[in-house]
Amino acid sequence: MDKLKKVLSGQDEEDSNGLAEVVDASSLSWSTRIKGFIACFVAGILCSFLGVGLLWVPRKGTTLFAVFYTLGNIASLGSTLFLMGPLKQLKRMFELTRLIATIVMLLCLALTLCAAFWWHNKGLVLLFCLLQFLAMTWYSLSYIPFARDAVKKCFSACLS
């Protein structure tokens, strides 16, 4: 369990400089990190479900759906900041293995809001929300060893 704590909090590498000591002194305790993760993740799920529920509101439903669904995904993504820390999370987001998934996910977050507020196109809002979901799923799978390979094999087996 201690090894898992070290890896998720970004302390898996030994640093002998003063910066590591400052970060250790100012970081949250493990229980606080878990509580923050759970709170943010649950808030993200609730926002996403609230967005789906608001989809059927007359005239403004699609816009409300886009906003709440996007906020839910941002909160869910932000929940992992509690586990790893913001700097390590940003470094890992832009590693070569998840660079494309990160760019597509962030682009879809922005395009969803553009489709809702500026273009007023319901079809594009739904398309970008679907792409958000797929990009977030693919991004999340990148943190699980061999998960992407398993998904690729499963789809290739189903399509063959």
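Let's start with one cut-off: a residue counts as buried when its relative accessible area is under 20%, as exposed when that area is over 50%, and as partly exposed in between. Keep in mind that this is a predicted model.

**Exercise 1: Get the overall picture**

Find out what share of the protein's residues is buried, and which elements the chain forms.

*Solution.*
- Step 1: Apply the cut-off. Of the 160 residues, 31% count as buried.
- Step 2: Look for helices and strands. You'll find eight helices and zero strands, so from the N terminus the order reads α-α-α-α-α-α-α-α.
- Step 3: Check the contacts with a separation of 6 or more. Residues 24 or more positions apart make up 62% of them.
- Step 4: Turn to the outside. The accessible surface is about 10500 Å², and carbon and sulfur atoms hold 73% of that.

**Exercise 2: Sort out two ring pairs**

Decide whether the pair F37 and F41 is stacked or edge-to-face, then do that for Y139 and Y143.

*Solution.*
- Step 1: The count of aromatic pairs comes to four. In one of them, F37 and F41 have ring centres 5.8 Å apart and planes at 15 degrees. Planes under 30 degrees apart count as stacked, so that's our label here.
- Step 2: Place these two in the chain. Both are in helix α3 (residues 30–54), four residues apart, or about one turn of the helix.
- Step 3: Are they buried? F37 has 22% relative accessibility, so it counts as partly exposed. F41, at 36%, counts as partly exposed too.
- Step 4: Now take Y139 and Y143, with 5.4 Å centre to centre and 80 degrees between the planes. Over 60 degrees means edge-to-face, so this pair gets that name.
- Step 5: Y139 is buried because its relative accessibility is 3%, while Y143 is partly exposed at 28%.
- Step 6: Y143 has another partner. The charged end of R98 sits over the Y143 ring, 3.9 Å from the ring's centre.

**Exercise 3: Explore the nonpolar cores**

Work out which residues form the largest nonpolar core and which helices supply them.

*Solution.*
- Step 1: List the members. The eight residues are F65, A66, Y69, A115, A116, V125, F128 and C129.
- Step 2: Match them to helices. α4 (61–84), α6 (99–117) and α7 (122–141) each give at least two residues to this core.
- Step 3: Zoom in on A115. Beyond its neighbours within four places in sequence, A115 contacts H120, N121, L124, V125 and F128.
- Step 4: Look for another core. A second, separate one has seven residues, including A101, M105, M136 and Y139.
- Step 5: Ask why such groups form. In soluble globular proteins, nonpolar side chains tend to be buried together.

Conventions
Residues are numbered from 1 along each chain as its sequence is written. This is a predicted model: local features need pLDDT of at least 70, side-chain atom pairs count only at pLDDT 80 or more; totals for chains, interfaces and linings use all residues. Side-chain values use heavy atoms; hydrogens and water are left out. Buried means under 20% relative accessible area, exposed over 50%, partly exposed in between (1.4 Å probe, protein chains only). Contact means heavy atoms within 4.5 Å. Accessible areas come from the Shrake-Rupley method with a 1.4 Å probe; for residues, only the protein chains shown count as cover. Rings of Phe, Tyr and Trp (its six-membered ring) pair if their centres lie within 6.5 Å; planes under 30 degrees apart count as stacked, over 60 as edge-to-face and the rest as tilted. A charge sits over a ring if NZ of Lys or CZ of Arg is within 6 Å of the ring centre and within 35 degrees of the ring normal. A nonpolar core is a set of buried Ala, Val, Leu, Ile, Met, Phe, Trp, Tyr and Cys residues joined through side-chain atoms within 4.5 Å.
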